[in-house]
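Biologist: I have a protein model open and would like to learn how to read it. Could you walk me through its features one at a time?

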Amino acid sequence: MNRGFIRWALAAVGMLTAAQSFGQNYPTRPVTIIVPFAAGGPTDVIARITGEYFSKALGQQFVIENVAGAGGTTGTTRLAQAKPDGYSIMMGHMGTHGAAPALYAGLKYDPQKDFAPIGLVAGTPILIVAKKDFPAANLKEFVAKLKDPAAKIKQAHAGVGSVSFTTCTLLTSQLGVKNIVAAYRGTGPALNDLVGGQVDYMCDQIVNVVEQVKGGSIRAYGIATAERSPALPDVPTTKEGGLPEYQVSAWNALFAPQGLPKEIHAKLADTLVQALEDPNTRKRLAELGSVIPDKAGRSPEALAALVKSEVARWTPILKAAQTAVK
Ligand code: MLT
């Protein structure tokens, strides 16, 4: 066996060992979780709960960085272009990795190619929520108001491509109505204005509104899932309210940049599976109305399949609603 081959083989083994030890020791410094919306919204809340478990489990701080703008696509682009070294990950969702391609002709990332899917964190049922003195006693009266041009109803959302934008676009296109809209950097700030009465309603993820609905500072006209949520048992389903066609849930999931070393990918995916088995993490997510994925739904492969199916689902709906951003 010649000397050159031996040198090559030793170098290869050295690199492999270094890569494995790099993966085994990961993380050796804090990790950034990009949240592509303002602090205090549903994506932020889910990221913070998840990050707290990761910090404890992996012994390094998982630090939230809110990178808001353009309906979540600014922060998502930031992650797609980040080094795939495991020190930048993100909390994405149905908007950033499902709806955005249909809405941004010049989108700077491909949800199916530019990320390493780590795993689904939480399903998030959608509620139609309104300011507390909205002049409607139930969903039927709410819909009648939406259809009345003289009512000049104002809808809040977190930017074109956000979950709140996408799910309210589904609602208004089903009803054949157009609203005045107000875009925010997240549904955290939007909720403040809903409580204050500056806007009339929004379609939001349950984790953002449970406390306000329970406290009566806003009102919920319906939850767009087949069954009521244990977190808000008094909120009727849209089907009960006479709007059975409005069925929609969102989801939040962890992503890393494409090209993540497989040892690090596996460590992050395994830690997420553990997080969703952790009683405290489960309790906090469930109290906010999250639907915790079953074991089969937590893998990177399951998330890759979900992203593919969500892009396919939302593209025709959003194109038909002619909401593309030129
Ligand atoms: C959205 O897509 O509406 C976002 O989740 C809002 C947010 O997290 O602030």
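Modeller: Gladly! Keep in mind that this is a predicted model. Let's begin with the secondary structure: the protein has 11 helices and nine strands.

Biologist: How does the radius of gyration of the protein compare with what the globule rule gives for 326 residues?

Modeller: The rule gives 20 Å for 326 residues and the protein comes to 21 Å, so it is as compact as a globular protein of that length. For the extents, look along the principal axes: the C-alpha trace spans about 85 × 45 × 30 Å.

Biologist: What share of the residues is buried?

Modeller: Buried residues account for 54% of the 326 in the protein. On the outside, about 14000 Å² is exposed, with carbon and sulfur atoms supplying 57% of that area.

Biologist: And which share of the contacts joins residues at least 24 apart?

Modeller: Start from contacts between residues at least 6 apart in sequence; of these, 78% join residues at least 24 apart.

Biologist: What about charges: how far apart are the mean positions of the positive and negative ones?

Modeller: There are 33 positive and 25 negative charges, and their mean positions are 5 Å apart.

Biologist: Now to something I meet at the bench. How many disulfides are there?

Modeller: The general idea is that a disulfide is a covalent bond between the sulfur atoms of two cysteines. In this model the count comes to one disulfide. Cysteine 168 and cysteine 203 form it, with their sulfur atoms 2.0 Å apart. The bond links distant parts of the chain, 35 residues apart: cysteine 168 sits in helix α6 (residues 163-175) and cysteine 203 in strand β7 (residues 201-205).

Biologist: Is that disulfide left-handed or right-handed?

Modeller: Look at the torsion about the S-S bond of cysteine 168 and cysteine 203: it is about 80°, so the disulfide is right-handed. Both cysteine 168 and cysteine 203 are buried.

Biologist: Prolines catch my eye too. Is the peptide bond from tyrosine 26 to proline 27 cis or trans?

Modeller: Omega tells you: it is near -5° there, and the bond is cis. Proline 27 belongs to the loop between α1 and β1. Proline 30 is in the loop between α1 (3-25) and β1 (31-35) as well.

Biologist: Which residues does proline 30 touch, leaving aside its neighbours within four places in sequence?

Modeller: Proline 30 is in contact with Gln60, Gln61, Val63 and Tyr87. Its relative accessibility is 46%, so proline 30 counts as partly exposed. The C-alpha atoms of proline 30 and leucine 58 are 10.0 Å apart, with their positions 28 residues apart along the chain.

Biologist: Where would I find a positive phi in a residue other than glycine?

Modeller: Try alanine 70, where phi is near 50°. Alanine 70 lies in the loop between β2 (62-66) and α3 (73-80), and at 39% relative accessibility it counts as partly exposed. Lysine 152 is another such residue, with phi near 45°. Lysine 152 is in the loop between α5 (139-146) and β5 (154-157); its relative accessibility is 58%, so lysine 152 counts as exposed.

Biologist: One last residue: is histidine 265 buried or exposed?

Modeller: Buried means under 20% relative accessible area. Histidine 265 has 18%, so it is buried. You will find histidine 265 in helix α9 (residues 262-275). Beyond its neighbours within four places in sequence, histidine 265 is in contact with Ala116, Pro117, Ile118, Leu260 and Pro300.

Note on methods. Residues numbered from 1 in each chain as written. Predicted model: local features only at pLDDT ≥ 70, side-chain atom pairs only at ≥ 80, totals over all residues. Heavy atoms only, no water. Helix = DSSP H or I, 4+ residues; strand = E, 2+ residues; numbered from the N terminus. Rg over C-alpha atoms; globule rule 2.2 N^0.38 Å. Buried < 20%, exposed > 50% of the residue type's maximum accessible area, 1.4 Å probe, protein only. Contact = heavy atoms within 4.5 Å. Areas by Shrake-Rupley, 256 points an atom, 1.4 Å probe, with all protein chains shown as cover. Lys, Arg positive; Asp, Glu negative; His and termini not counted. Charge placed at Lys NZ, Arg CZ, Asp CG, Glu CD. Disulfide = S-S within 2.5 Å.
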